Amino acid sequence: MFSALSDLVPLYPLYALLFADSGLTGGQIASLFVLWSAASLALEVPTGALADVVSRRALLFAGGLLHALGFGLWVFAPGYWIFALGFVLWAAGSALQSGTIEALVYDELAALGAEGGYQRLSSAAYTSAIAGMIVATACASPLFALGGYRAAGVASVLAAVAGGLVGLSFPRQPKVASADGFGLRAWFGMLRAGWSEAVRVRRVRRLVLIAALLPGFGAMDEFFPLLAEHTGAATTVVPLLIVVIAAGQLAGGASAGWPLRGRTVGLATTVGALAIVAGALSGSPWGVLLVAAGYGAWQHATVVADARLQAAVRGPARATVTSVAGFGAEVASIALYVPWGLAVGPLGDGAAVAVTAAPL
């Protein structure tokens, strides 16, 4: 429920158009995306340490409120600096929730001796989040027709607040003992403990790396509309092809509730990457089916990687360790733009997506 509401943002497929219709140039819009990425990177790990010190439920609620405030400002007071503030609020809200929800759920299950059920719940959460994005995309057009950007913005605000309230209703996580209390020293202690475990414990370090690199490939979905258009599909058909890819991702997330063995997950991910490459190079709208299958395999592996990382963490700074992986995922996403940017000019959209997917 929390994941579905948090990703139910009808404004998401429209906000770039809102920026352009508000008079922003392409360079200004690009600068907003850079600011968004920079704020996300800067806040990811510090907020993870915060989630190991204060109430995680309160942080989930606060994250929802920050999202809601940003969306509301965008549609009721549009302008470059307001858009910039909105992106900072979005980054801060996401950082407060990233790592926090995973740590809260795992620790609650561990307190009940039921941590073995984490992967199943994680699979359901990822699946509901994807479903929320699909619903939000489907709702964007009728909401815009009904009341323009403000209607889509108000719906996004309500969804963000509702998601925060759901987070606030979660059971309280067991208190984490700290010799330094619960102030600034405790926060710094958790930051140091989480970073130390993520870097120095061999098994955790390996799983942090995997849990960072795999989600980073989610940035590929930014290129899929261009890929769909490259196949010769009409503009009106492109959204339908994107829905097909989302359906593959949905199936992959749902299937992670019944995990494959470790080596089988690796093999499935490899085959999935090859399927994306083949689909991207096919030059046919039917190739989107291969891309959907490959993206589903990637989603399955992403869910499994998160579950195995949670199971490997032994120290008190679970949310911090998870946030280190989240930081790595942000860096990997940005790095993924480099091979695409270098390949798209001389090779075209299809080959560029293939080059981007190959490292998977």
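1. At what angle do helix 9 and helix 14 pack, and how far apart are their axes? In this predicted model, helix 9 (residues 202-216) packs against helix 14 (residues 318-347) at about 40°, and their axes lie 7 Å apart. Angles from 35 to 65 degrees fall in the oblique class, and the two helices are therefore oblique to each other. Their crossing is right-handed.

2. Now look at who meets whom. Helix 9 brings Val204, Val208, Ala211, Ala212, Leu213, Pro215 and Gly216 to the contact. Facing them from helix 14 are Val321, Val324, Ala325, Gly328, Ala329, Ala332, Ser333 and Leu336. Sorted by character, the residues of this contact are twelve nonpolar, three polar and no charged.

3. Two residues from that contact, Val208 and Val321, turn up again in the largest nonpolar core, which has 50 residues. Along with Met220, Phe224, Tyr295, Leu309 and Val353, they touch the most other members of the core. Helix 13 (residues 287-312) gives the most to this core, with nine residues.

4. Phe224 is a nice residue to click on. Beyond its neighbours within four places in sequence, Phe224 is in contact with Ile242, Ile245, Val291, Tyr295 and Val353.

5. Val353 leads us on to helix 15 (residues 349-357), where seven of the nine residues are buried, so this helix is largely enclosed by the rest of the structure. The buried ones are Gly350, Ala351, Ala352, Val353, Ala354, Thr356 and Ala357.

Terms used:
Residues numbered from 1 in each chain as written. Predicted model: local features only at pLDDT ≥ 70, side-chain atom pairs only at ≥ 80, totals over all residues. Heavy atoms only, no water. Core = buried A, V, L, I, M, F, W, Y, C linked by side-chain atoms within 4.5 Å. Buried < 20%, exposed > 50% of the residue type's maximum accessible area, 1.4 Å probe, protein only. Helix = DSSP H or I, 4+ residues; strand = E, 2+ residues; numbered from the N terminus. Contact = heavy atoms within 4.5 Å. Axes fitted to C-alpha atoms, helices over the stretch in contact; angles between N-to-C directions. Parallel < 35°, antiparallel > 145°, perpendicular 65-115°, else oblique. Left-handed = near helix turned anticlockwise from the far one by under 90°. Nonpolar A, V, L, I, M, F, W, Y, C, P; charged D, E, K, R; others polar.
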